Amino acid sequence: MIIDPFTTRDRLITASILSADFSKLGSEIDDVLAGGADFLHLDVLDAHFAPNLSFGPPVIRCIRPVTRAFFDAHLMIAEPLRWAPAMVKAGAQNITFHVEVADDPARFAREIRQLGCRVGIALSPSTPVQAILPALDEVDVVLVMSVVPGFSGQVFMPEVLGKCQEIKKRLRENQRMEIDGGINEQTIASAVAAGVDWFVTASAVFDEPDRRAALAKLRQHLPGRSDS
Ligand code: DX5
Ligand code: ZN
């Protein structure tokens with residue numbers, strides 16, 4: 001479990017709670033973190049940007065005391081600037097917005113950073129790398145979607161790996177690249193090869209009865225982890 005993922009260059013696995021059993025979210029979080037997930041990915045969906053509705057600040061506030069793990073909020077919502085303050089107040093430590101909803105992505109990134117949190121920018125599979133370039137200097141993490149935003153359990157889209165390679169060339173040492181969607185034992189190695197730093201997994205972990213075993217299978221594909 002990682003308190004601050006920016007303090008290491010290790011490849012990290014972050015568990016998306018979108019596939020968790022929400023009737024026992026606290027123990028689900030304990031289970032995956034004890035099983036080896038490095039931090040949590042919070043998929044916030046508003047049924048406008050993407051055709052699904054998940055959770056918001058009340059849930060984040062309730063799970064914050066459960067763990068000291070880093071909370072990486074992925075806002076798949078139409079109005080990230082409106083909701084980012086409440087997400088940070090609830091305990092989110094990174095706020096990733098989608099470039100597709102930002103008329104001025106650099107301004108969006110600067111406004112979010114003023115909340116005192118880390119800032120990420122996400123691009124959907126059909127969005128070209130050029131779209132994020134105006135904001136690249138303003139963000140800490142680039143989130144490359146390898147599925148169409150909305151649901152866990154979808155099939156990995158390998159055509160985004162070329163974008164990962166291109167983005168990797170442009171990142172500074174203190175920036176990270178995260179991939180999100182369809183990451184499992186069969187796909188994680190290709191994302192590692194494309195230069196990805198952080199790997200989001202929902203169904204590959206939460207759909208398995210033994211989360212520790214599921215995470216161990218994924219971790220086998222990550223270059224030498226200097227686990228302390
Ligand atoms: C999709 C979300 C992803 C998704 C990943 O809109 O952003 O984080 O939950 O789920 P899997 O790992 O099952 O593809
Ligand atoms: Zn996500």
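Reader: If Ala, Val, Leu, Ile, Met, Phe, Trp, Tyr, Cys and Pro count as nonpolar, Asp, Glu, Lys and Arg as charged, and the others, Gly among them, as polar, how many residues of each class are in the shell around ligand 1?

Author: The shell around ligand 1 has 10 polar, 7 nonpolar and 2 charged residues. This is a predicted model, where local features need pLDDT of at least 70 and side-chain atom pairs count only at pLDDT 80 or more, while totals for chains, interfaces and linings use all residues. Residues are numbered from 1 along each chain as written, chains are lettered from A and ligands numbered from 1 in written order, and side-chain values use heavy atoms, without hydrogens and water.

Reader: Which residues are closest to ligand 1?

Author: Of the 19 residues that surround ligand 1, the closest are D43, G150, D180, G182 and S203; a residue is near if one of its heavy atoms lies within 4 Å.

Reader: And which side chains make polar contacts with its oxygen atoms?

Author: Taking N or O pairs within 3.5 Å, the side chain of D180 comes to 2.5 Å from an oxygen atom of ligand 1, S203 also has a polar side-chain atom 2.5 Å from one, and for H74 the distance is 3.1 Å. The protein buries 100% of the 380 Å² that ligand 1 exposes when taken alone, by the Shrake-Rupley method with a 1.4 Å probe.

Reader: Switching topic, how many aromatic pairs are there?

Author: There are 6 aromatic pairs, counting Phe, Tyr and Trp (six-membered) rings with centres within 6.5 Å, where planes under 30 degrees apart are stacked, over 60 edge-to-face and the rest tilted. F22 and F55 form a tilted pair, because their ring centres are 5.9 Å apart and their planes stand at 50 degrees.

Reader: How many residues apart are F22 and F55?

Author: They are 33 residues apart, so the pair links distant parts of the chain.

Methods: A polar contact is a pair of N or O atoms within 3.5 Å; within protein, one must be able to donate a hydrogen and the other to accept it, and residues adjacent in sequence count only if both atoms are side-chain atoms. Ala, Val, Leu, Ile, Met, Phe, Trp, Tyr, Cys and Pro count as nonpolar, Asp, Glu, Lys and Arg as charged, and the others, Gly among them, as polar. Helices (H or I, at least four residues) and strands (E, at least two) are DSSP runs, numbered from the N terminus.
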